[in-house]
Every structure is written in structure tokens, then in C-alpha cells.
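Please look through the structure below with the sequence at hand, and then follow the account of its ring pairs, helix packing and charged side chains.

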Amino acid sequence: MRRAIIFAIALVIPIIPLQAELTPEQSSRITKTVGQIIGQIHYRQTGLNDEISGHHLKNYLNVLDFSHMVFLKTDVDEFEKLHGTRLDDQVKFGSIRPAKQMFNRYLERLSECQEMVNEILGEKMDFTQNEKFNPVRNKLPWPGNKTELKKLWRGRIKMELLADRLTFTKDGKAPDPKKVEDSVGKIKRRYERLLKTMTNFDQGDILETYLSSLTRAYDPHSDYMSPHEAENFKINSIDMQLTGIGA
């Protein structure tokens, strides 16, 4: 299937320098081409339809927010109402407007979460309380409101702080204040880097995430690759020009 996806991208590679920023016109052409070809070359032989649209949407939201700790349930409900049965039509028309809309909302929520993290890290934590936090949240509901969201983030940050304390606390002694301070700074920088990384996503990055979510609606092992990624895959895995185990 990967060779099939590479073939689809090869149709548009001649007009796109491998590492140049994609124009809206190029993104539209790629989207439309992938939408036209995926149903023909995949073994399922299923064209784009409302069922594929639903899976596409679910995949995209989960790629952006795998732990279900950024979007609110109201966001997800809104996207399902707007796009749940329409992404197939948007792809056919070559439109990636829904991808940008959802990504921009993700950045907005992620910025709010980063502010929450800073607030939580400034609070005094009581590690004597009997509390639970499940970090594996990809199959759990999205939080219903910002109060629930902050509660989740408090649990996550508290778990990370506690994990650090367990690494530098021995024999039940009080942790070194300097190490506690370093731990707080490390966690703060972790989420600042996440926000910065996602903010720096360009149109090509968004398109790759969006179209990979589409191909995975057909099966979980099919990915869309940008022209640059397709070229790297060809060098590393097909031509075997670099050392590796192949594909």
C-alpha cells in the first residue's frame, strides 16, 4: 500500500520542489488526486463515502489529540456535526479547509492547556492524597468543559512531578529543593516545546497529517507521504541506498 501512496504523490511531485512550502493550489491538487486514486488502488476498492468520512474525521482528531486532553467534547461534537459526513466531499473538491479549521482550534486549545500547566506548576502539590490518574486516555471521553480539562491536567502534571520525585528521593527523605525546582522547570519547558512545535507546523505538515488520517480510514497501515518523505522512503527502503532493514 505504501508503494501505491507513493505513486499517488508522484503524480504531483514534478511541480513541487521537495522541501518548498506548499501553495494552496498545490495542496488542493494533492488532496484531490489522493482522493481520486485511493479508492482505486486500495484492495478494498471502496471510493470516498460518508463512512470513510467518519473514520477520516475520527483519525484526524485522534492524531492531533491522542490522549483526549486538548479538545473539549463541545469541539468534537461541533466537528462531527460539520464534517462527519462531508470530509469525503471536501477531499473530492480538493479542499483542506476543514483540516485547517480543526488544526487552528487545536492550537487554540493547546495554548490554553499550556497556560493551565503553568498555573498548576505554580501551585503547591499535596502528594499524601489518595488520587488516581489514567495516562492512557485515547479511548476515554474528551473533557466536557474547562473545569474537567484542568482537573485532568492537574492529575497529569502531579503524576509527572511525582515520577520525578521518586527518581531522586531515597529512603523516604525529603527531596532536594533544587531538584524539585528543576523538575518543575523541565515539565514547563516540555509543554512549551510542544506548543512551539505544533505552532510551527506549515501547510505541508497539516496536509500530511490530514491525508494520512484519510488513508488510515482504509486500513491502519497505509500512510500518505509528502514528496520529501516519499523520496526519503524510496532512498531508505526501496532503493536500499542507506543501511537498514528495508520495508
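**Rings, helices and charges**

Tyr 60 has a relative accessibility of 0%, and because the limit for a buried residue is under 20%, Tyr 60 counts as buried. The model is a predicted one, and the values that follow are computed from it. Tyr 210, likewise at 0% relative accessibility, counts as buried. A search of the whole structure finds 6 aromatic pairs. In one of these, the ring centres of Tyr 60 and Tyr 210 lie 5.2 Å apart with their planes at 85°, so the pair is edge-to-face. This pair links distant parts of the chain, since Tyr 60 belongs to helix α3 (residues 50–64) and Tyr 210 to helix α9 (residues 203–215), with their positions 150 residues apart in the sequence.

Ring pairs also link Phe 71, Phe 79, Phe 103, Tyr 106 and Phe 201 into a cluster. Tyr 106 can be placed against a further residue, Thr 199: the C-alpha atoms of the two are separated by 9.9 Å, although they are 93 residues apart along the chain. Thr 199 lies in helix α8 (residues 177–199), and with 45% relative accessibility Thr 199 counts as partly exposed.

Phe 79, named above as a member of the ring cluster, also takes part in the contact of two helices. Helix α4 (residues 73–83) packs with α6 at an angle of about 175°, and the two axes are 12 Å apart. Because angles over 145 degrees count as roughly antiparallel, α4 and α6 are described as roughly antiparallel to each other. On the α4 side, the residues of this contact are Asp 75, Glu 78, Phe 79, Leu 82 and His 83, and they meet Pro 98, Gln 101, Met 102, Arg 105 and Arg 109 in α6. By character, the residues of the contact of α4 with α6 divide into 4 nonpolar, 2 polar and 4 charged.

Charged side chains can be followed further, for a search of the whole structure finds 13 salt bridges. One of them joins the side chains of Arg 109 and Glu 112, at 3.2 Å from N to O. Both residues lie in helix α6 (residues 97–121), where they are 3 residues apart, about one turn of the helix. Arg 109 is buried, with a relative accessible area of 11%, and Glu 112 is buried as well, with a relative accessible area of 19%.

A second salt bridge to consider is formed by the side chains of Glu 123 and Arg 154, at 3.1 Å from N to O. Here the pair links distant parts of the chain, with Glu 123 in the loop between α6 and α7 (146–168) and Arg 154 in helix α7, 31 residues apart. Glu 123 is partly exposed, its relative accessible area being 31%, and Arg 154 is also partly exposed, at 29%.

Within helix α7, the side chains of Glu 160 and Arg 156 meet in a salt bridge of 3.6 Å, N to O. These two residues both lie in α7, 4 residues apart, which is about one turn of the helix. Glu 160 counts as buried at 12% relative accessibility, whereas Arg 156 is partly exposed, with a relative accessible area of 21%. Elsewhere, salt bridges that share partners join Asp 75, Glu 78, Arg 105, Arg 109, Glu 112 and Lys 146 into one network. Among the members of this network, Asp 75, Glu 78, Arg 105 and Arg 109 also appear in the contact of α4 with α6.

Note on methods
Residues numbered from 1 in each chain as written. Predicted model: local features only at pLDDT ≥ 70, side-chain atom pairs only at ≥ 80, totals over all residues. Heavy atoms only, no water. Buried < 20%, exposed > 50% of the residue type's maximum accessible area, 1.4 Å probe, protein only. Salt bridge = Lys/Arg side-chain N within 4 Å of Asp/Glu carboxyl O. Axes fitted to C-alpha atoms, helices over the stretch in contact; angles between N-to-C directions. Parallel < 35°, antiparallel > 145°, perpendicular 65-115°, else oblique. Contact = heavy atoms within 4.5 Å. Nonpolar A, V, L, I, M, F, W, Y, C, P; charged D, E, K, R; others polar. Phe/Tyr/Trp six-rings, centres within 6.5 Å; stacked < 30°, edge-to-face > 60°.
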